[in-house]
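I opened the model today and kept notes as I went. The entries follow the order in which I looked things up.

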Amino acid sequence: MAELNTGDGGGKKGSKKVRSKKQNSKVDLTAMVDLAFLLITFFMLTTTLSKPQSMNLGLPDKDPDKDKNKDVKVDENRTMTILLGENNKLVRYVGLLATPVSGGAPKDFEYGKDGIRKELLSRKAAVLQYTGTKDKGMIVIIKPSKKSKYRNLVDILDEMAIVGVPTYAIVNEFTPEESKLIGGTSTAATPATEKTPNP
């Protein structure tokens with residue numbers, strides 16, 4: 001809507017010369033405000049909000065007495081243990097620490113695609129070849145020490161998701177040999193959890 005204001009034009013009194021009147025235009029922006037609110041309301045109702053991305057973890061039962069002394073037997077050829085230490089130290093071994101499988105002796109790795117991810121992918125392929133079925137995939141045991149950074153644990157969990165490791169667990173107990181291997185830390189700061197994806 002536009003509103004036109006006209007001013008009184010004209011010359012001197014007594015002058016016979018007739019001048020044209022000047023018209024000053026003025027735009028009323030009231031309708032534009034209504035349109036702006038309509039557009040804001042439209043975009044608020046039609047856009048989808050970003051959903052937080054989180055990782056599902058299967059936590060142990062709350063009952064401490066249930067299955068307390070029950071040991072789970074796992075094929076040592078399918079297991080890999082990752083130790084997280086101070087100053088971004090990462091050590092992995094395959095099988096048992098005392099008797100590692102061939103090529104599974106303790107070894108230091110870096111974080112990232114050229115480090116632990118490459119090792120996880122090659123080990124996953126080896127386990128698949130060993131078992132011959134995807135149902136019995138690789139099992140990774142993650143052991144963060146008290147001096148490891150929370151960021152290191154998040155990075156390892158990200159690697160589990162990227163590589164597609166079917167079963168992994170976070171364990172807070174170190175053997176004396178593992179403590180010596182990682183640098184003298186005997187216990188971890190995080191509670192034990194286990195993650196098994198839904199098929």
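These notes go from the whole chain to single helices and then to single residues.

**Entry 1: the whole chain**

I noted first that this is a predicted model. I looked up the secondary structure next. The protein chain has four helices and eight strands. I wrote down their order from the N terminus: β-β-α-β-β-β-α-β-α-β-α-β.

How much of the chain is buried? I found that 26% of its 199 residues count as buried. I then checked the surface. The protein chain exposes about 14900 Å². Carbon and sulfur atoms supply 54% of that area.

I also looked at contacts between residues at least 6 apart in sequence. Of these, 60% join residues at least 24 apart.

**Entry 2: helix α2**

I checked the length of α2, which covers residues 116-131. At 1.5 Å a residue, its 16 residues should span 22 Å. The C-alpha atoms at its ends are 22 Å apart, so the model agrees with the expected span.

Which residues of α2 are buried? I listed Ile116, Glu119, Leu120, Arg123 and Val127. They cover an arc of only 95° around the axis, and therefore sit on the same side of α2. I then turned to the face pointing away from that buried side. There I found the exposed residues Lys118 and Gln129.

What do the buried residues of α2 pack against? I traced them to three strands, β3 (79-84), β4 (90-94) and β6 (139-144), and to helix α3 (150-163).

I also looked just past the helix. Gly132 follows α2, and its phi is positive, near 80°.

**Entry 3: Glu159**

I picked Glu159 in helix α3. Is Glu159 buried or exposed? Its relative accessible area is 6%, and buried means under 20%, so Glu159 is buried.

I looked up its contacts, leaving out residues up to four places away in sequence. Glu159 touches Gly112, Ile116, Arg117 and Leu120. Among these, Ile116 and Leu120 were already on my list of buried residues in α2.

**Entry 4: a nonpolar patch**

I searched the surface for nonpolar side chains that group together. One patch is formed by Val27, Leu29, Met32, Leu35, Leu38, Leu39, Phe42 and Phe43. Together these residues have about 850 Å² of accessible area.

Which element gives the largest share of the patch? I found that helix α1 (residues 30-46) does, with six residues.

I took Leu39 as one case. Leu39 lies in helix α1. Its relative accessibility is 42%, and the partly exposed class runs between 20% and 50%, so Leu39 counts as partly exposed.

**Entry 5: the loop between β3 and β4**

I went through backbone angles last. Most residues other than glycine have a negative phi. I therefore wrote down the exceptions I came across.

Asn87 has a positive phi, near 60°, and is not a glycine. Asn88 is not a glycine either, and its phi is positive at about 60°. I placed Asn87 in the loop between β3 and β4. Asn88 is in the loop between β3 and β4 as well.

How exposed are they? Asn87 has 68% relative accessibility and counts as exposed, because the cut-off for that class is over 50%. Asn88 has a relative accessible area of 38%, so I entered Asn88 as partly exposed.

Methods. Residues are numbered from 1 along each chain as its sequence is written. This is a predicted model: local features need pLDDT of at least 70, side-chain atom pairs count only at pLDDT 80 or more; totals for chains, interfaces and linings use all residues. Side-chain values use heavy atoms; hydrogens and water are left out. Helices (H or I, at least four residues) and strands (E, at least two) are DSSP runs, numbered from the N terminus. Buried means under 20% relative accessible area, exposed over 50%, partly exposed in between (1.4 Å probe, protein chains only). Contact means heavy atoms within 4.5 Å. Accessible areas come from the Shrake-Rupley method with a 1.4 Å probe; for residues, only the protein chains shown count as cover. The expected span of a helix is 1.5 Å times one less than its number of residues. The arc is that of the directions from the helix axis to the C-beta atoms. Patches are made of residues with over 30% relative accessible area and no salt bridge: like charges are joined within 9 Å, nonpolar side chains (Val, Leu, Ile, Met, Phe, Trp, Tyr) within 5 Å. A salt bridge is a side-chain nitrogen of Lys or Arg within 4 Å of a carboxyl oxygen of Asp or Glu.
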